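Trainee: I have a structure to read and would like some help. Where do we start?
Mentor: Let us look at it together.

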Amino acid sequence: MKQDRLTGMYYDYAMAAPLMLADKKPSDMDVLILGMGTGTYATQCRKYLGDMNVEGVEIDEKITQLSRKYFSLSEDVPVTTYDGRAYLNAMDKKYDVIMVDAYQDITIPFQMSSVEFFTLVKDHLNEDGVMVVNMNMRGSGDGNINQYLSDTIGQVFDAEYTVDVANTTNRELFASNNPSIMENLQANTKQITNADLRNMMETVYADSTPYGKGDYILTDDKAPVELLGMQVIDQLIEEEVAYYKGIYERDGIQGVLNSL
């Protein structure tokens, strides 16, 4: 992002996570990102919230190299080349915020979608710490992928909120054992001096809804995330086809061409 402003993407929404903690400045926090990718979330958090201690885990070292070269990821942000869950198994350190950003469309690592995984994340959070999960797709209908992930997380954390990212298929999920995370977000937002960030956080607060926990649970021995992801893709294709089919029936093939 060459322009000097918010990305307009899910990273902006996810920056609410550090603001959901009370009595601790973001600049004093430890943040872990599982699925570092281009490092955009780390860069945005440091830019807008303070020079916090951020570290990441990325399974592909080439992606990390690209993040340094093309996406301005600071050299003082350590990135470990490893699987996210395996990393947690090997480490004892606790964090204030853990960002799970390892899902890409229908490619959801099953080992990072289960009750056992989210329990491991919780065990690596400080008291009242916050987990934020970026879900790259939004399903509909009973038993969709978001419902499975959200219900599974609800088995582990006491408080759970979701917010849809405008103009995308992304949904952010915030989870904690602190029931006051939204009140903390509202209070901390009032202290923000950057107008763009304050407006963004006000949007997250206003659009977030508490999640009612259900019984669709993913476990290490049963996590059919690929099938669930394919269902969402099928729904999206069906919706797109229906849209163009309507244009074709009304305006013919030229109408379809004009709409592209």
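Mentor: We start with the largest pocket, which holds about 510 Å³ of space. Keep in mind that this model is predicted.

Trainee: How does one find empty space in a model?
Mentor: Rolling a probe the size of a water molecule over the atoms shows where empty space is left. Here, 27 residues line the largest pocket. Closest to its centre are Gly35, Glu58, Asp101, Ala102 and Tyr103.

Trainee: Which elements give two or more residues to the lining of the largest pocket?
Mentor: They are helix H1 (10-14), strand E1 (30-34) and strand E2 (53-58).

Trainee: How many residues of that lining are nonpolar, polar and charged?
Mentor: The lining has 15 nonpolar residues, nine polar and three charged.

Trainee: Now the surface. Which residues form a nonpolar patch there?
Mentor: Look for Ile63, Leu66, Tyr70 and Phe71. Together they have about 370 Å² of accessible area. Ile63 sits in helix H3, which spans residues 61-70.

Trainee: Why does Ile63 count as partly exposed?
Mentor: Partly exposed covers the range between the cut-offs of 20% and 50%. Ile63 counts as partly exposed because its relative accessibility is 31%.

Trainee: Let us try Thr169. Where is Thr169 found?
Mentor: Find the loop between strand E6 (159-164) and strand E7 (171-176). Thr169 is there. With a relative accessible area of 38%, Thr169 is partly exposed.

Trainee: How far apart are Thr169 and Asn136 in sequence and in space?
Mentor: In sequence, 33 residues separate them. In space, Thr169 and Asn136 are 6.1 Å apart, C-alpha to C-alpha.

Key: Residues are numbered from 1 along each chain as its sequence is written. This is a predicted model: local features need pLDDT of at least 70, side-chain atom pairs count only at pLDDT 80 or more; totals for chains, interfaces and linings use all residues. Side-chain values use heavy atoms; hydrogens and water are left out. Helices (H or I, at least four residues) and strands (E, at least two) are DSSP runs, numbered from the N terminus. Buried means under 20% relative accessible area, exposed over 50%, partly exposed in between (1.4 Å probe, protein chains only). On a 1 Å grid over the protein atoms alone, a cavity is a set of points where a 1.4 Å probe fits but cannot get out, and a pocket is an open set with protein on both sides within 12 Å along at least five of seven lines; lining residues have an atom within 4 Å of a point. Grid points are joined across faces, edges and corners, and a volume is the space filled by probe spheres set on the points. Ala, Val, Leu, Ile, Met, Phe, Trp, Tyr, Cys and Pro count as nonpolar, Asp, Glu, Lys and Arg as charged, and the others, Gly among them, as polar. Patches are made of residues with over 30% relative accessible area and no salt bridge: like charges are joined within 9 Å, nonpolar side chains (Val, Leu, Ile, Met, Phe, Trp, Tyr) within 5 Å. Accessible areas come from the Shrake-Rupley method with a 1.4 Å probe; for residues, only the protein chains shown count as cover. A salt bridge is a side-chain nitrogen of Lys or Arg within 4 Å of a carboxyl oxygen of Asp or Glu.
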